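Please open the model in your viewer and keep the selection panel at hand, since each stop below begins with something to pick out.

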Amino acid sequence: MDVALVMGSISDWPKIKATAELLQKLNVSFDKHIISAHRMPTELQNFASKLKDEHYKIVIAAAGGAAHLPGMLAANTTLPVIGIPVKTSILNGMDSLLSIVQMPAGVPVATVAIGDAGAKNAAILAAQVIALSNKSVEKNLNEFRRNQTKEAIESNEQLK
């Protein structure tokens with residue numbers, strides 16, 4: 001497996017489903033996991049300590065509110081971690097964003113935007129890392145980019 005896609009609770013799934021869909025489209029292998037940083041601390045440490053043994057290359061972690069999941073995973077593995085701040089009803093995800101992005105020196109988490117753009121960008125960023133050593137994923141990523149450019153150019157026709 002290339003990517004461990006981790007969320008703090010099942011309620012995060014609808015908000016990051018786009019991550020999984022784009023990983024599939026780019027042919028990046030992944031597994032989904034639910035691990036709560038606050039309700040499952042022992043399980044989190046055990047999971048994170050075995051990520052390399054399980055042959056993962058990168059972790060994508062989505063969390064809302066206090067959003068400690070990405071940082072706690074990063075603290076327990078040397079694999080790159082991408083944090084997706086989940087939009088919350090109380091502060092619209094700003095609490096999640098600030099929690100994930102404000103990591104202390106030495107424990108980095110690559111942080112993407114709140115919402116759907118962030119969910120998709122996490123998949124693209126993970127694919128870029130995987131593409132460094134996987135020509136098939138690199139090809140799929142290049143095709144994705146070409147299609148994205150083509151769609152943007154074609155959208156000019158709607159203005160005429």
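Throughout this tour, two residues are said to touch, or to be in contact, when they have heavy atoms within 4.5 Å of each other. Bear in mind from the start that this is a predicted model.

**The sheet**

Begin by showing the strands alone: five of them form an open sheet in the order 2-1-3-4-5, and the pairing is parallel. Strand 2 and strand 5 (residues 110–111) stand at the edges with a single partner strand each, so one side of each is left without a neighbour in the sheet. Now add helix 1, which packs on the sheet and touches strand 1, strand 2, strand 3 and strand 4, its direction making about 170° with that of strand 1.

**Strand 1**

Select residues 3–7, which make up strand 1; five of the five are buried, so this strand is largely enclosed by the rest of the structure. In a regular strand the side chains alternate between the two faces of the sheet. Turning the view from one face to the other, you will find Val-3, Leu-5 and Met-7 on one side and Ala-4 and Val-6 on the other, and with these residues all buried both faces of strand 1 are covered.

Next, bring in the two neighbouring strands. Strand 2 (residues 30–34) runs parallel to strand 1 and is joined to it by five bridges; along this pairing, Ala-4 stands opposite Asp-31, and Leu-5 stands opposite Lys-32. Strand 3 (residues 58–63) also pairs with strand 1 in the parallel sense, over five bridges, and there the bridge partner of Val-6 is Ala-61.

**Helix 1**

Follow the chain into helix 1 (residues 13–25), which together with strand 1 and strand 2 makes a right-handed β-α-β unit. At 1.5 Å a residue, the 13 residues of helix 1 should span 18 Å, and its end C-alpha atoms are indeed 18 Å apart. Just after helix 1, look at Asn-27, which takes a positive phi of about 60°.

Which residues of helix 1 are buried? They are Ile-16, Ala-18, Thr-19, Ala-20, Leu-22 and Leu-23, and what covers them includes strand 1, strand 2, strand 3, strand 4 (residues 81–85), helix 5 (residues 116–131) and helix 6 (residues 135–154).

**Thr-19 and Ala-119**

Centre the view on Thr-19, which lies in helix 1 and counts as buried because its relative accessible area is 0%, under the 20% cut-off. Leaving aside residues up to four places away in sequence, Thr-19 touches Leu-5, Ile-60, Ile-84, Ala-119, Lys-120 and Ala-123.

From that list, move to Ala-119, which lies in helix 5 and is likewise buried, with a relative accessible area of 0%. With residues up to four places away in sequence again set aside, Ala-119 touches Lys-15, Ile-16, Ala-18, Thr-19 and Ile-84. A distance between Ala-119 and Ile-60 is also worth drawing: these residues are 59 apart in sequence, while their C-alpha atoms are 9.5 Å apart in space.

**The nonpolar cores**

In soluble globular proteins, nonpolar side chains tend to be buried together. In the largest nonpolar core here, which has 27 residues, Val-3, Leu-23, Val-28 and Ile-60 touch the most other members. Strand 1, helix 1, strand 3, strand 4, helix 5 and helix 6 each supply at least two residues of this core, and helix 5 gives the most, with seven residues.

To see one of these members in its surroundings, select Val-3, which, not counting residues up to four places away in sequence, touches Leu-23, Val-28, Ser-29, Phe-30, Asp-31, Tyr-56, Ile-58, Ile-60 and Ala-126. Apart from the largest core lies another core, of 20 residues, among them Ala-37, Leu-44, Ala-63 and Val-81.

**Last stop: Ala-48**

Finally, go to Ala-48, in helix 2 (residues 41–49). Is Ala-48 buried or exposed? At 2% relative accessibility, Ala-48 counts as buried. Its contacts, aside from its neighbours within four places in sequence, are Leu-73, Asn-76 and Thr-77. As a closing distance, draw the line from Ala-48 to Val-109, which are 61 residues apart in sequence and 14 Å apart in space, C-alpha to C-alpha.

How values were computed. Residues are numbered from 1 along each chain as its sequence is written. This is a predicted model: local features need pLDDT of at least 70, side-chain atom pairs count only at pLDDT 80 or more; totals for chains, interfaces and linings use all residues. Side-chain values use heavy atoms; hydrogens and water are left out. Buried means under 20% relative accessible area, exposed over 50%, partly exposed in between (1.4 Å probe, protein chains only). Helices (H or I, at least four residues) and strands (E, at least two) are DSSP runs, numbered from the N terminus. Two strands pair if DSSP finds at least two bridges between them. A crossover is right-handed if, with the strands pointing away from the viewer, the path from the first strand over the helix to the second runs clockwise. The expected span of a helix is 1.5 Å times one less than its number of residues. A nonpolar core is a set of buried Ala, Val, Leu, Ile, Met, Phe, Trp, Tyr and Cys residues joined through side-chain atoms within 4.5 Å. Axes are lines fitted to C-alpha atoms, for helices over the stretch in contact, and angles run from 0 to 180 degrees between N-to-C directions.
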